[in-house]
Amino acid sequence: MTLAVERIPKLSTPTDGMVWISGQTFTMGSNHHYPEEAPAHSVDVDGFFIEETPVTNRKFMEFVKATGHVTVAEKIPDAEDYPGALPEMLKAGSLVFVQPKQVRGADISQWWIFKFGANWRRPLGGLSDLRGKLDHPVVHVAYADAKAYADWAGLDLPTEAEWELAARGGLDDAEYAWGEELMPGGVPRANTWQGIFPVSTVKPKGQERTTPVKAFPPNGYGLYDMIGNVWEWTCDYWSARHPEPAAKSCCIPKNPRGGPEDASYDPSQPSIRIARRVLKGGSHLCAPNYCRRYRPAARHAEPEDTSTSHVGFRCVKRVPA
C-alpha cells in the first residue's frame, strides 16, 4: 500500500519521540470476531502525532518526581464509591496476574489477585520493584493517572479511532497490525501469551510479563507495541458496539468519539456508577485459546478507577485547527 505524502506540521511544543499520522479515512472495527467490534464502518480522522512507544516506567517516574502525583492504586478507596465492599478490602492496591497451576471454569479470580501494596513502583506487590524495568511500559495506572500524565506533558490520550488508525500501520482492514498472519514464519510480532492461557507458557523465564517497549518490530508507521505488551487507555467512553456504517460517503463520521458516559456503566453492577473507558491493543496475556484481542480492531471495557499489571497508555498531540 502506498501512503499519501503529507507535509508534517510544525508545532510550538516539542514532538520528540512522536510519529505523525496523516489524516485519512479508514475502516474501523471488524465483523469477524467479538460482537463489540462490529460493525466495521468507515471513519475520517484528522492527522495527529502519537508517541512511538507506550509511556515507560522511566518517563512516568519523571512525571511523579516533577508533580508529586499519587496514583489511584496508592490511595485508600472511598467506601462511598463501593457499596457493599468488605472493609478489609478497602486498602491501597491493584490487580496482579498470578499464573495458576490449574483452573476450574472461567472465574477470573483464579488468576487475577487484588494485591495490597501493588502499584506502578511495585508491579507485583510485596517487595517487587522496577530494577531492570525502567524501559518497560508503566502499569497499574488508572485512567486518572494516565490523564494526569498527559496533561503534565502537554498532550492528550488518543480517541479510540485515532488509536486504531495508528495501530493499523497503513494496512486498512488487515487482520493484524502487520498483515493477515498472527506469526509470519512462526516468529512472534508482538508480546502476547505463548502457550495455553492461563496455566502454561513457553516463553523464556523472565519474559512472561511485560517486555522493553522496543523488543518487537514496529508497525508500518514506526510505532512500537501497538499490539500486545500492555492494553492502552483511550479517552473514549465504552459503548457495547460501534454505530452502523454511514449510508452515504458524505456522512462518514469525522473524528468520532465514544458513546455517552451513562451508557458506559457496567449493567452487571447497577449499584456502582463508575464510567468505563475503551482499552485497545491487547496485552502479554492475550492468547489464541482465551483472548484473541491482539488486533487493531479489538477493544475492551475498563472502569476508570481500575488499575492492573497489564494496562498502560501512550499519548497524542493534536494539531490546532
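The exercises below, each with a worked solution, concern a predicted model.

**Exercise 1. The annotated domain**

Find which residues UniProt assigns to a domain, and state how much of that stretch is helix and how much is strand.

*Solution.* The UniProt record, an unreviewed entry, places the feature "domain: Sulfatase-modifying factor enzyme-like" at residues 15–317. Over residues 15–317 the chain is 10% helix and 17% strand, and the C-alpha atoms at the two ends of this stretch lie 8 Å apart.

**Exercise 2. Cys235 and Cys315**

Determine how many disulfides the structure holds, and explain why Cys315 is not bonded to Cys235.

*Solution.* Begin with the count, which is zero disulfides for the structure. Next take Cys235, which is in no disulfide and whose nearest cysteine sulfur, that of Cys315, is 11 Å away. Seen from the other side, the closest cysteine sulfur to that of Cys315 is in Cys235, and because the separation is 11 Å, it is too far for a bond. A pair would need sulfur atoms within 2.5 Å to count as a disulfide. Finally, consider the surroundings: Cys235 is buried, with a relative accessible area of 7%, and Cys315 is buried as well, with a value of 0%.

**Exercise 3. The two sides of helix α1**

Identify the buried residues of helix α1, decide how they are arranged around its axis, and name the element against which they pack.

*Solution.* Helix α1 spans residues 57–67, and its buried residues are Asn57, Phe60, Phe63 and Val64. Because these residues cover an arc of only 120 degrees around the axis, they sit on the same side of α1. The face turned away from that buried side carries the exposed residues Lys65 and Ala66. The buried residues of α1 pack against α2, residues 143–153. After α1 comes Gly68, whose phi is positive, near 75 degrees.

**Exercise 4. The nonpolar cores**

Describe the largest nonpolar core by its number of residues and those with the most contacts inside it, and then trace the contacts of Phe60.

*Solution.* The largest nonpolar core has 32 residues, and those with the most contacts inside it are Phe60, Val138, Tyr149, Leu157, Trp233, Phe313 and Cys315. Two or more residues are given to this core by each of β1 (18–21), α1, α2 and β9 (231–237), and α2 supplies the largest share, four residues. Leaving aside neighbours within four places in sequence, Phe60 is in contact with Val55, Thr71, Trp120, Val138, Val141, Asp145, Tyr149 and Phe313. Apart from the largest core lies another, of 17 residues, among them Val19, Ile50, Ala161 and Met226.

How values were computed: Residues are numbered from 1 along each chain as its sequence is written. This is a predicted model: local features need pLDDT of at least 70, side-chain atom pairs count only at pLDDT 80 or more; totals for chains, interfaces and linings use all residues. Side-chain values use heavy atoms; hydrogens and water are left out. UniProt positions are given in the numbering used here, feature names are shortened, and annotations may be inferred rather than shown by experiment. Buried means under 20% relative accessible area, exposed over 50%, partly exposed in between (1.4 Å probe, protein chains only). The arc is that of the directions from the helix axis to the C-beta atoms. Contact means heavy atoms within 4.5 Å. A nonpolar core is a set of buried Ala, Val, Leu, Ile, Met, Phe, Trp, Tyr and Cys residues joined through side-chain atoms within 4.5 Å.
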